[in-house]
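I opened this notebook to record two look-ups, one on enclosed space and one on a helix. The entries follow in the order in which I made them.

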Amino acid sequence: MIKVKGLTKFFDDFKVLDDVNMDVRKGTIYGLIGPNGAGKTTLINHINGVLFPKSGEITVDGENVFENEAVKQKVLNISDEWFFYSTYTIREMMKFYRSIYADFNMERYEAIGKLFGIDERRQIRKLSKGMKKQVAFWLSLSAMPDVLILDEPLDGLDPVMRKQVMNLVIGDVADREMTVLVSSHNLRELEDICDWVGIIHKGKMIIEKPLDDLKGSVHKYQLVFGAEGEDSLQTMDNILHISKTGSVFSVIIRGEHQETDKQLQALKPVLCERIGLTLEEVFIYELGGLGYDFKNIIV
């Protein structure tokens with residue numbers, strides 16, 4: 001659905017994106033994650049057609065995005081600072097959206113309005129940040145997009161409303177195969193909703209996998225050794241991190257868990273236990289393996 005090929009972007013002499021490739025499949029929720037300054041927002045601004053790709057190509061459903069009105073009819077973006085006209089009420093903003101997006105669905109608008117319970121006669125600028133974000137989702141989902149791009153979309157929403165909003169998004173993905181690209185610092189939320197994950201670091205896409213495969217490629221083990229095996233642990237390949245508390249080693253290692261289990265058992269540990277990792281932990285350890293400074297975080 002969304003394809004990025006060889007995208008490179010400079011701001012003056014600084015390379016923000018470096019030969020980025022990305023493939024977001026139709027009907028999936030794709031989580032784009034990376035540290036601050038990794039190039040996430042710049043990449044998103046190319047995908048939604050704000051920035052022109054001087055090197056590389058961005059297509060949505062096989063068509064170039066930049067200055068393509070037909071594609072932009074189907075691609076909506078909700079950023080942390082969503083745009084609205086300062087004097088408009090919600091209903092006036094709805095009429096503006098309806099004049100632009102041919103598939104705007106009034107039944108959908110009325111249904112979401114009842115769910116959120118915000119008076120459409122209120123001026124948007126007088127709403128709280130969380131209520132403005134609800135209005136952004138209200139109008140965007142009513143426009144029936146094929147692609148919804150979300151850049152820090154849930155900031156300002158309370159936990160109940162976060163769940164309610166994402167249930168609406170997930171429902172559209174399930175019912176009509178809407179494609180969602182979401183970037184957020186809240187990796188626990190992404191873990192709950194995403195099918196695919198891409199990790200970007202220093203302008204490069206370093207990993208792009210289904211979430212289950214990504215979480216299945218990095219493992220944490222707790223190990224206790226007797227008289228031997230401890231020294232051999234230090235020589236194993238693909239180890240991202242080793243720490244020791246008392247007699248217990250905590251080892252983060254990349255690889256297929258069946259093969260890793262065999263390698264560790266060959267060291268004859270007294271205890272060998274594999275522990276599942278969260279997306280947040282995978283992110284930390286993958287970037288730690290690239291030299292990103294997490295020494296004050298990794299435990």
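Entry 1, terms. I take a cavity to be a set of grid points where a 1.4 Å probe fits but cannot get out, and I count as lining residues those with an atom within 4 Å of a point. I note that the model is predicted.

Entry 2, cavity. I searched for cavities of 30 Å³ or more and found 1. I read the volume of the largest cavity as about 40 Å³. I then listed its lining, which consists of P153, L154, V182, S184, E189, L190 and I193. I sorted these residues by class and obtained 5 nonpolar, 1 polar and 1 charged. Which helix gives the most to this lining? I found that helix 7 (residues 187–193) does, with 3 residues.

Entry 3, length of helix 6. I checked the span of helix 6 (residues 159–176): its 18 residues, at 1.5 Å a residue, should cover 26 Å, and the end C-alpha atoms are 26 Å apart, so the two values agree.

Entry 4, faces of helix 6. I recorded M161, R162, V165, M166, L168, V169, D172 and V173 as buried in helix 6. These buried residues lie on the same side of helix 6, because they cover an arc of only 145° around the axis. On the other side, I recorded P159, V160, K163, A174 and D175 as exposed.

Entry 5, cover. I looked up what covers the buried residues of helix 6 and noted, among the elements, strand 3 (29–33), strand 7 (147–151) and strand 8 (179–183). The cover also includes helix 4 (106–116), helix 5 (129–142) and helix 7. I note that helix 7 thus appears in both look-ups, in the cavity lining and in the cover of helix 6.

Definitions and conventions. Residues are numbered from 1 along each chain as its sequence is written. This is a predicted model: local features need pLDDT of at least 70, side-chain atom pairs count only at pLDDT 80 or more; totals for chains, interfaces and linings use all residues. Side-chain values use heavy atoms; hydrogens and water are left out. On a 1 Å grid over the protein atoms alone, a cavity is a set of points where a 1.4 Å probe fits but cannot get out, and a pocket is an open set with protein on both sides within 12 Å along at least five of seven lines; lining residues have an atom within 4 Å of a point. Grid points are joined across faces, edges and corners, and a volume is the space filled by probe spheres set on the points. Helices (H or I, at least four residues) and strands (E, at least two) are DSSP runs, numbered from the N terminus. Ala, Val, Leu, Ile, Met, Phe, Trp, Tyr, Cys and Pro count as nonpolar, Asp, Glu, Lys and Arg as charged, and the others, Gly among them, as polar. The expected span of a helix is 1.5 Å times one less than its number of residues. Buried means under 20% relative accessible area, exposed over 50%, partly exposed in between (1.4 Å probe, protein chains only). The arc is that of the directions from the helix axis to the C-beta atoms. Contact means heavy atoms within 4.5 Å.
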